[in-house]
Amino acid sequence: MITFEEALNRMLASARLLGVERVPLAECLGRVLAEDIVSDLDMPPFDKSAMDGFACRRADLPGPLRIVEEIPAGKMPEKAIAAGEAARIMTGAPLPQGADCVFMREDSAEEAEEMVRFTARNTSDNFCLRGEDVHTGDCVLEKGEWLGPAHLAILATVGAVEVQVAKRPRLGIIATGSELVEVGTKPQGAAIRNSNSPQLLAQAAQCGVLARYYGIAPDTPEATRAAIARAQAENDVVVLSGGVSSGDFDFVPQALADCGYKFLFDSVAMQPGRPSVFGSDGQTWCIGLPGNPVSTYLIFEIMLRPFLCRLMGHDYRPRLVRAKLAGGTVRKKAARQSSLPVRFVDPGTVELIEYHGSAHIGAMTRAEGLITMPVGCLEIKAGEEVDVRSL
Ligand code: AMP
Ligand code: MG
């Protein structure tokens, strides 16, 4: 049994980029950038008014000032501002030569025809300098960044019509278990519905990878092998749930080995998820998750998500929030790291989500985060501060 950190490090160390592709800007959301983006211009491209108001010389305030021009956004000024003059200017319009300040329309009184006076006591300069946000040639986004809406805005600003991004890993998802039926079937007798696969497909989609479902493999070595072989031929990563423990009908580790996978680990000091297995055949990777829905869910979050991100060249950093644990928690054994789902009761305090066991996936719908009890820790006291990892 190896520690969680060691297991995750082995997974991340085995990952490599699966190639790159160019995609239109509009399709970049949720992709990982595979090139540095350099700006082809200054932003702002000119000294720019930050207000609707009047551009003038500060020394001339409070006026009265003669209005010599109107400068809407998108128009170049035609006149330089001389002593005693002002230009009516709009937000985003270029500052005229000679002006060193813009006072707000709200701080103005227009007196006689085309004359204006500054009515407040003082004013900021209210303009932005050319290049104050970005200079031509600046690297505005670095390779490996996860592209969110703000990233798309900066890509648009610098004219990135097409963007080089990491190829999306293909994930083949297999459920194992002779007790499982598909969601459209009412389970009879000892059967239950397959909930892991829809959940894994959804988690994969959230990661921006391409996931495909390969059905339910009943608990026989042949069926398990056949499902793995199919998924292995068509994907970069094969993800199985169930069948990894030491029960009489747990055939996944042997079937993976039969398909050419060498394991990087087959037991991790974590709770839940101890019997998780992970390996590679040199070309593709496989991971076998315990079938209990809570285990499947959590191990995807803490292991598979960072691994999939790494396959796209992105260094996934979970978002951690410091909060107090209401109520505290104790346990009897400390040989494994525990992941405990929590919810916020107020912005600085979390409480444990009550769940009856690893099958109680409904409890996860209330989970907003995870806290960790490290190896060796038997108790988190009531009110003690913990790192909450966002879910
Ligand atoms: P296993 O890891 O195969 O021993 O399964 C552990 C528990 O998880 C058993 O109670 C299974 O019935 C349940 N289980 C396994 N696979 C799934 C699945 N795809 N959806 C829902 N429950 C599952
Ligand atoms: Mg099973």
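Okay, let's start with a sheet: six strands, open, in the order β7-β4-β6-β5-β9-β8, with mixed pairing. Before I go on, keep in mind that this is a predicted model. At the edges of that sheet sit β7, residues 101-104, and β8, residues 108-110, each pairing on one side only. From one strand to the next, the twist averages 40°.

Let's look at one edge of it. Strand β4, residues 53-56, is joined to β7 by 4 bridges, and the two run antiparallel. If you want a pair to click on, take F54, whose bridge partner in β7 is F103.

Now for some backbone oddities. As a general rule, most peptide bonds are trans, and most residues other than glycine have a negative phi. Here are the ones that go the other way. M43 and P44 are joined by a cis peptide bond, with omega about -10°; P44 is in the loop between β2 and β3, and β3 covers 48-49. Then there's the bond from L61 to P62, also cis, with omega near 10°. You'll find P62 in the loop that runs between β4 and β5, the latter being residues 65-71. And E114 isn't a glycine, yet its phi is positive, about 60°. That residue is in the loop between β8 and β9, with β9 at 115-118.

Staying with loops, let me show you E35. Where is it? Between β1, residues 20-24, and β2, residues 37-38, in the connecting loop. What does E35 touch, leaving aside residues up to four places away in sequence? The list is R22, L141, E142, K143, E162, V163 and Q164. Take K143: it is 108 residues from E35 along the chain, but their C-alpha atoms are separated by 4.7 Å. With Q164 there's a polar contact, where the E35 side chain reaches the backbone nitrogen of Q164 at 3.0 Å.

On to another sheet. This one is open too, with 6 strands in the order β16-β13-β17-β21-β20-β18 and mixed pairing. Its edge strands are β16, at 210-217, and β18, at 262-265, and each of them pairs on one side only. The average twist here is 20° from one strand to the next. At the β18 edge, 3 bridges connect β18 to β20, residues 277-280, and those two strands are antiparallel. Within that pair, K262 stands opposite S280 of β20.

Helices pack on this sheet as well. Helix α1, residues 4-14, touches β18, β20 and β21, the last of these being 285-289, and its direction makes about 135° with that of β18. Helix α4, residues 221-234, packs on the sheet through β13 (170-176), β16 and β17 (237-241), and its direction is at about 165° to that of β16.

Last stop, the ligand. Which residues come nearest to ligand 1, out of the 15 around it? Those are E179, N194, S195, G243 and G291. By class, the shell has 9 polar, 4 nonpolar and 2 charged residues. For polar contacts, G243 has a backbone N or O atom 2.8 Å from an oxygen of ligand 1. A polar backbone atom of N292 is 3.2 Å from an oxygen atom of the ligand. N196 uses its side chain, with a polar atom 3.3 Å from a ligand nitrogen. Taken alone, ligand 1 exposes 480 Å², and the protein buries 78% of that.

That's the tour, so over to you.

Conventions:
Residues numbered from 1 in each chain as written. Chains lettered and ligands numbered in written order. Predicted model: local features only at pLDDT ≥ 70, side-chain atom pairs only at ≥ 80, totals over all residues. Heavy atoms only, no water. Near = heavy atom within 4 Å. Polar contact = N/O pair within 3.5 Å; in protein donor to acceptor, adjacent residues only side chain to side chain. Areas by Shrake-Rupley, 256 points an atom, 1.4 Å probe, with all protein chains shown as cover. Nonpolar A, V, L, I, M, F, W, Y, C, P; charged D, E, K, R; others polar. Pairing = 2+ DSSP bridges. Axes fitted to C-alpha atoms, helices over the stretch in contact; angles between N-to-C directions. Contact = heavy atoms within 4.5 Å.
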